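Colleague: I would like to go through some of the labels used for this model and ask what each one rests on.

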Amino acid sequence: MANGTETELFVYEQVVVLCTCVLSVLGSTLIFLTFVLWSDLRTTPRRLLVYLSVSDWLSAVSYAYGVVKVFHSNSPDCVAQGAISTFANTSSFFWTVAIAVYLYVFIVKSSQRLADSLVLSFHLVSWGVPLIITATAVGLKKIGYDASEVSVGWCWVRIDAQDRILWMLLTGKIWEFLAYLTLPVVYILIKRHIHRAHAALSEYRPILANRPASQSFSSMADVKLTLIPIIFIVLRIWSTVRFILLLTDSPVRQNPLLVTLHGIGNTSQGAANCIMFVLLTQPIRTRLCAALCCTSKCGAEPSPSNRDPQTLLPGQDPPSKREEDGTSTVYSNT
């Protein structure tokens with residue numbers, strides 16, 4: 001299947017991965033557009049989502065170039081593509097965790113001021129750490145041709161580097177592992193807090209159980225809180241599997257199906273975020289449908305009085321409703 005240590009890429013693999021790259025670019029762009037077009041959506045959590053989408057957009061574009069080019073040497077464009085994708089991919093991990101931490105502080109700790117004060121730190125860490133790591137790796141000539149051993153045509157850590165495993169960890173894998181551990185824990189804590197709040201309130205105000213709109217938003221929030229870490233792990237696990245197989249020098253890492261899943265997973269984050277936070281969010285979907293002149297198919301848009309652009313989380317009910325329900329339906333407007 002492969003010559004020496006090089007993993008052979010088939011045309012169908014390139015086509016499939018390129019399609020997911022295009023979908024992620026379009027998805028990330030749609031997130032940008034909704035943020036720019038509608039000022040009441042410019043809440044802090046959605047700003048964090050936009051920063052994440054910048055990373056995902058850069059990742060998808062750089063991966064697309066690599067998949068089309070399929071590098072075979074440490075050419076200048078290989079190094080440049082590898083550097084951009086390394087920076088963007090690592091930054092994406094940090095922003096994904098940052099959003100989870102923000103929501104945890106806002107919802108569980110009930111402190112918007114503390115949550116907002118963390119944003120500057122998020123910028124310093126999510127842009128600064130990947131930039132330092134990538135610049136160091138490029139300066140030490142660690143970024144380059146990797147023979148698609150843990151990639152799908154694009155460049156990453158040079159396969160001929162003696163300390164390549166160390167640099168694979170530093171430029172991505174260690175942050176990926178930490179995200180696997182952090183995201184499920186944080187979102188489980190948020191879900192438990194929301195469920196306890198609902199249970200405590202229903203004991204005193206059972207009439208809330210008769211509010212279908214509240215139930216609908218709460219249900220969607222619960223689904224999204226469950227899906228976010230699951231989708232992240234499902235998309236990223238294939239690259240982790242190939243990395244582990246590389247450590248054990250297993251030829252299974254060159255299996256075409258595994259390579260294809262790796263390519264799809266690494267390039268689909270932007271598309272997944274768009275589906276979760278735009279297409280599956282009723283108020284935003286309503287506006288998009290209205291913009292496309294199909295309002296009748298999408299239902300009526302919620303009244304502006306039901307939104308507070310200064311305090312709403314993406315997907316959150318207004319403060320008055322939040323007080324009634326005892327919790328925020330965090331992702332119903334995301």
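Colleague: Where does Ser111 lie?

Modeller: In this predicted model, Ser111 lies in the loop between helix H3 (76-108) and helix H4 (112-117).

Colleague: What makes the pair of the Ser111 side chain and the backbone nitrogen of Leu114 a polar contact?

Modeller: The side chain of Ser111 reaches that nitrogen of Leu114 at 3.1 Å. The cut-off is within 3.5 Å, so the pair counts as a polar contact.

Colleague: Why is the pair Lys142 and Asp163 called a salt bridge?

Modeller: Their side chains come to 2.9 Å, N to O. The limit is within 4 Å, so the pair qualifies. Lys142 is in the loop between helix H5 (119-139) and strand S1 (143-144), and Asp163 is in the loop between strand S2 (156-157) and helix H6 (164-204), so the salt bridge ties together parts 21 residues apart in sequence.

Colleague: Why is Lys142 called buried, and Asp163 partly exposed?

Modeller: Lys142 has a relative accessible area of 16%, and buried means under 20%, so Lys142 is buried. Asp163 has 27%, which falls between 20% and 50%, so Asp163 is partly exposed.

Colleague: How do you know that Arg253 and Asp249 form a salt bridge?

Modeller: Their closest N and O atoms are 3.7 Å apart. That is within 4 Å, so the pair counts. Arg253, at 6% relative accessibility, is buried, whereas Asp249, at 58%, is exposed. Both belong to a network of salt bridges with Glu149.

Colleague: How many salt bridges does this rule give?

Modeller: The count comes to seven.

Key:
Residues numbered from 1 in each chain as written. Predicted model: local features only at pLDDT ≥ 70, side-chain atom pairs only at ≥ 80, totals over all residues. Heavy atoms only, no water. Helix = DSSP H or I, 4+ residues; strand = E, 2+ residues; numbered from the N terminus. Polar contact = N/O pair within 3.5 Å; in protein donor to acceptor, adjacent residues only side chain to side chain. Buried < 20%, exposed > 50% of the residue type's maximum accessible area, 1.4 Å probe, protein only.
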